[in-house]
Amino acid sequence: MSRLPPLIALSYFEVAARTKSFAKAAKELNVTPAAISHQIKSLEEYLGVELFIRHHRRVSLTPAARASLPELQDGFKLLTKAVDNIRLFSEERNIVTVCAEPLFATKWIVPRLHRFYRRCPEAEVRLQASLLSVDQSRGSEFGKSHLKQAGIDVSVRLGYGDYTALAPQRLMNLELVPMCKPGLVSNLKNIQSLGEYPLLSDSTLLRFDDPCGWREWLPKENYEKITPLRELRFGNGLLALEAALSGQGILLGMKSLLAPELLANKLEVVIDRPMLFDQAYYVVSAGLSNERTIARQFREWLLDEASKSET
């Protein structure tokens, strides 16, 4: 570092070299052209080499300036990135950005958020709901770069859990059971009687390498025998849930995820035969070694809440 000239002189040089004009550089930096000229002259004296050839009302770069400009610009980009990382630990130290699949974000995280704020009253949670939090194939390539590019500290992902670089921690199994609005189903004698009602499906779960739907929940011979079979598909779990709450059919849902609706008698289990699938909800973050304190606190809170819901 002792060999480096003053940073302000290097920054003035970068702008003047990029714009090829002391006047334009002065305007961009909100200083006078004389200030630019002074800093450039000081830099040339410090380095012992000319950086600009002065012409009438313009300047051109010397070979030394042309050779050094690209790496200098890369260096400033790295400095900017480093300073941005520092700011994450300072002025935004209490902000945590979280992303989850829409149904999980809405029905599980949001109703519990007040408990996290009791634990961390200084926190500000920025919660995003996105189907991009669902990994429908095994061997997911989702990694640290995806979280960083999206500015996400903690993500709850629905998938197979093979996020090797993200130290995944299982939050909740994907276990589905038929449920519907109370009073919708009457005199359900057997599984074949399900054919008397519309069967509601979350299309997100049907796109997995190993689909999670009625065809998988029902024994193969029973699925084929149910006639007429009317299956209504919805683009995400929230839409399918709303259809079930309004009495439009029978939904394959998670008792652990929809416990409030079951306890409030907004939904009831039709046939208590849960099926456990390979997929699950996992919490991941960009790396436990450099995890910000607020992100670690939120991740640990998620795990605590999940363990409570299992008991």
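Contact, as used here, means heavy atoms within 4.5 Å. The exercises below concern a predicted model, so keep that in mind as you work through them.

**Exercise 1. Find the buried residues of helix α11, and say what covers them.**

Solution.
- Step 1: Go to helix α11, residues 237-245. Its buried residues are Gly 237, Ala 240, Leu 241, Ala 243 and Ala 244.
- Step 2: Now look down the axis of α11. The buried residues fall within an arc of 160°, so they line one face of the helix.
- Step 3: Search for what touches those residues. The cover includes the helix α5 (102-109), along with β7 (199-202), β8 (231-234) and β9 (250-253).

**Exercise 2. Place Ser 201 in its element, decide whether it is buried or exposed, and list its contacts.**

Solution.
- Step 1: Ser 201 is part of strand β7, and that strand is among the elements covering the buried residues of α11.
- Step 2: Buried means under 20% relative accessible area. Ser 201 counts as buried because its relative accessibility is 4%.
- Step 3: Leaving out residues up to four places away in sequence, Ser 201 touches Leu 206, Trp 214, Glu 231, Leu 232, Arg 233, Phe 234 and Ala 240. Ala 240 is also one of the buried residues of α11.

**Exercise 3. Describe the largest nonpolar core and the surroundings of Phe 298.**

Solution.
- Step 1: As background, nonpolar side chains tend to be buried together in soluble globular proteins.
- Step 2: The largest nonpolar core here has 59 residues, and the members touching the most others are Phe 104, Leu 194, Phe 298 and Leu 302. The element that gives the most to this core is strand β6 (residues 169-180), with seven residues.
- Step 3: Take Phe 298 and set aside residues up to four places away in sequence. Its contacts are then Val 96, Val 98, Ile 109, Leu 113, Phe 116, Val 125 and Val 154.
- Step 4: There is also a second, separate core of 21 residues, including Ala 9, Ala 16, Ile 40 and Leu 43.

**Exercise 4. Locate the nonpolar surface patch that contains Tyr 46.**

Solution.
- Step 1: The patch is formed by Tyr 46, Leu 47 and Val 49, which together have about 260 Å² of accessible area.
- Step 2: Tyr 46 belongs to helix α3 (residues 33-47). With a relative accessibility of 42%, Tyr 46 counts as partly exposed.

**Exercise 5. Compare the settings of three salt bridges: Asp 153 with Arg 292, Asp 272 with Lys 255, and Glu 300 with Arg 296.**

Solution.
- Step 1: Begin with the total, which is 16 salt bridges in the whole structure.
- Step 2: In the pair Asp 153 and Arg 292, the closest N and O atoms are 3.0 Å apart. The two residues are 139 residues apart and link distant parts of the chain: Asp 153 sits in the loop between α7 (144-150) and β5 (154-159), and Arg 292 in the loop between β11 (275-285) and α13 (293-310). Asp 153 counts as buried at 19% relative accessibility, and Arg 292 counts as buried at 9%.
- Step 3: For Asp 272 and Lys 255, the closest N and O atoms are 3.0 Å apart. This pair again links distant parts of the chain, from the loop between β10 and β11 to the loop between β9 and α12, 17 residues apart. Asp 272 is exposed at 56% relative accessibility, whereas Lys 255 is partly exposed at 33%.
- Step 4: For Glu 300 and Arg 296, the closest N and O atoms are 3.3 Å apart. These residues are separated by about one helical turn because they are four residues apart in helix α13. Glu 300 is partly exposed at 32%, and Arg 296 is partly exposed at 32%.
- Step 5: Finally, look for a network of salt bridges. One links Arg 112, Arg 115, Glu 305 and Lys 308.

**Exercise 6. Examine the positive phi values of Lys 20 and Asn 265.**

Solution.
- Step 1: Lys 20 is not a glycine, yet its phi is about 55°. Lys 20 lies in the loop between α1 (7-19) and α2 (22-29), and is partly exposed with a relative accessible area of 48%.
- Step 2: Asn 265, also a residue other than glycine, has a positive phi near 65°. Its place is the loop between α12 (259-263) and β10 (268-269). Asn 265 is exposed, with a relative accessible area of 52%.

Technical notes. Residues are numbered from 1 along each chain as its sequence is written. This is a predicted model: local features need pLDDT of at least 70, side-chain atom pairs count only at pLDDT 80 or more; totals for chains, interfaces and linings use all residues. Side-chain values use heavy atoms; hydrogens and water are left out. A nonpolar core is a set of buried Ala, Val, Leu, Ile, Met, Phe, Trp, Tyr and Cys residues joined through side-chain atoms within 4.5 Å. Buried means under 20% relative accessible area, exposed over 50%, partly exposed in between (1.4 Å probe, protein chains only). Patches are made of residues with over 30% relative accessible area and no salt bridge: like charges are joined within 9 Å, nonpolar side chains (Val, Leu, Ile, Met, Phe, Trp, Tyr) within 5 Å. Accessible areas come from the Shrake-Rupley method with a 1.4 Å probe; for residues, only the protein chains shown count as cover. A salt bridge is a side-chain nitrogen of Lys or Arg within 4 Å of a carboxyl oxygen of Asp or Glu. The arc is that of the directions from the helix axis to the C-beta atoms.
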